[in-house]
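Visitor: I'm new to reading protein structures, and I keep meeting labels that nobody explains. Could you take me through one and tell me where the labels come from?

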Amino acid sequence: MPTQAILLVHGLWMTPHSWQPWIERYVAQGHTVHAPAWPGVSQLGEPLDHDKAPAGLGVKEIADHYEALLRTLPEQPVIIGHSFGGLVTQILLDRGWGRAGVALHPCQPRGVLGLPLSTLRAAWPVLGNPANLNRTVALTERQFHYAFANTVSAEQAARERATWAIPGPGRPLFQAGLANLTPKARAATYVDYRNDARSPLLLVAGTADRIVPASVVRENHRRHRHSEAVTEYREYPDRDHGTCFHEGWERVADESLSWAAQW
């Protein structure tokens with residue numbers, strides 16, 4: 001595989017530190033990796049501050065932040081995003097960025113109607129209180145285990161939470177949850193499903209994911225059917241939302257990049 005420029009976009013409740021295994025693997029293969037943090041979140045190269053989180057940050061601000069970085073790069077990278085980072089990946093491709101994109105267990109754009117009970121339960125620590133719109137909310141060990149790490153023991157999930165997790169801004173979840181009640185001109189999660197000019201997109205799901213179940217990602221994939229741009233779907237059995245750091249992540253990392261590198 002030729003060497004690639006790669007942009008990694010982390011998701012809610014995470015920081016770029018959660019990409020560390022992927023970064024090390026890709027760099028060892030000769031690739032150039034960019035993994036900036038969301039605004040107000042600890043950057044790679046500095047200690048992870050588990051209390052540092054930006055209240056009030058929304059999806060548009062996050063996407064604009066990554067677009068500003070993309071404008072500085074000498075070449076269009078492969079964009080790989082997880083969860084809300086997978087939604088941002090779709091937004092960036094829709095804006096004309098990236099040579100290809102991979103959205104891992106992506107939060108749904110506007111137009112995806114499925115709302116499984118497991119998604120609602122996983123998001124309820126935020127959505128259960130409207131005041132959380134402008135707050136940050138941390139997941140408890142039990143909540144993290146349910147939402148991110150349901151295929152591993154409670155003890156392992158607690159260690160992963162202590163290693164990777166930070167409080168997350170509530171606004172993105174409200175924006176996603178209310179997107180289909182918001183006019184598309186004002187919806188922060190809007191993606192043009194008829195955009196024929198965007199770069200190829202791979203949507204990846206895990207059958208054990210509770211917060212973004214495979215059914216949601218399959219519907220996301222179907223919504224893109226009106227576009228002539230390449231859109232493919234891949235499903236991994238028994239993988240939960242913590243797919244980027246749970247056992248077997250190497251296969252997901254390698255196959256995601258291999259798919260993107262063909263374009």
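Guide: Happy to! Keep in mind that this is a predicted model. Let's start with strand 3 and strand 4, which run parallel and are joined by five bridges. One of the matches is V78 with A100, its bridge partner in strand 4.

Visitor: What makes strand 3 and strand 4 a pair?

Guide: Two strands pair if there are at least two bridges between them. Strand 3 and strand 4 have five, so they count as a pair.

Visitor: How do you know that strand 1 and strand 2 pair as well?

Guide: Same reasoning. Three bridges join strand 1 (residues 5–9) to strand 2, and the two run parallel. At least two bridges are needed, so three will do. If you want a spot to look at, A5 stands opposite T32 in strand 2.

Visitor: What do the strands build together, and in what order?

Guide: An open sheet of six strands, ordered 2-1-3-4-7-8, with parallel pairing. Strand 2 (32–34) and strand 8 (231–236) are the edges: each has a single partner strand, so one side of each has no neighbour in the sheet. From one strand to the next, the twist averages 20°.

Visitor: Which helices lie on that sheet?

Guide: Helix 1 (residues 20–28) is one of them: it lies across strand 1, strand 2, strand 3 (78–82) and strand 4 (100–104), and runs at about 180° to strand 1. Helix 8 (residues 214–223) packs on the sheet too, touching strand 7 (201–206) and strand 8, and its direction makes about 170° with that of strand 8.

Visitor: Why is strand 4 called mostly covered?

Guide: Five of its five residues are buried. A100, V102 and L104 point one way, G101 and A103 point the other way, and all are buried. That fits a general pattern: in a regular strand the side chains alternate between the two faces of the sheet.

Visitor: Why is H105 called buried?

Guide: The cut-off for buried is under 20% relative accessible area. H105 has 1%, so H105 is buried. You'll find H105 in the loop between strand 4 and helix 4, where its contacts include H82, S83, V204 and D209.

Visitor: What makes the link between H105 and D209 a polar contact?

Guide: The limit is an N or O pair within 3.5 Å, with one atom able to donate a hydrogen and the other to accept it. The side chains of H105 and D209 make theirs at 2.6 Å, so the distance passes.

Visitor: Why are W19 and W22 called edge-to-face?

Guide: Two checks. Ring centres must lie within 6.5 Å, and planes over 60 degrees apart count as edge-to-face. For W19 and W22 the centres are 5.1 Å apart and the planes stand at 75°, so the pair is edge-to-face. Both residues count as buried, W19 at 1% relative accessibility and W22 at 0%.

Visitor: And what makes W22 and W249 stacked?

Guide: Here the planes are 25° apart, and the centres are 6.5 Å from each other. Stacked needs under 30 degrees, so the label fits. W22 lies in helix 1 and W249 in helix 9 (residues 249–261), so this pair ties together parts that are 227 residues apart in sequence. W249 counts as buried at 13%. With Y26 added, W19, W22 and W249 form one aromatic cluster.

Visitor: How do you know that the buried residues of helix 4 are on the same side?

Guide: First, who they are: in helix 4 (residues 117–127) the buried residues are S118, T119, A122, A123 and V126. They cover an arc of only 115° around the axis, which puts them on the same side of helix 4. They pack against strand 5 (136–137), helix 5 (141–148) and helix 7 (171–177).

Visitor: Last one: why does N132 count as buried?

Guide: Its relative accessibility is 6%, and buried means under 20%, so N132 qualifies. N132 lies in the loop between helix 4 and strand 5. A polar atom of the N132 side chain lies 3.0 Å from the backbone oxygen of V126. Beyond V126, N132 also touches residues including P125, V137 and F174.

Note on methods. Residues are numbered from 1 along each chain as its sequence is written. This is a predicted model: local features need pLDDT of at least 70, side-chain atom pairs count only at pLDDT 80 or more; totals for chains, interfaces and linings use all residues. Side-chain values use heavy atoms; hydrogens and water are left out. Buried means under 20% relative accessible area, exposed over 50%, partly exposed in between (1.4 Å probe, protein chains only). Helices (H or I, at least four residues) and strands (E, at least two) are DSSP runs, numbered from the N terminus. The arc is that of the directions from the helix axis to the C-beta atoms. Contact means heavy atoms within 4.5 Å. Axes are lines fitted to C-alpha atoms, for helices over the stretch in contact, and angles run from 0 to 180 degrees between N-to-C directions. Rings of Phe, Tyr and Trp (its six-membered ring) pair if their centres lie within 6.5 Å; planes under 30 degrees apart count as stacked, over 60 as edge-to-face and the rest as tilted. Lists of a residue's contacts leave out its neighbours within four places in sequence.
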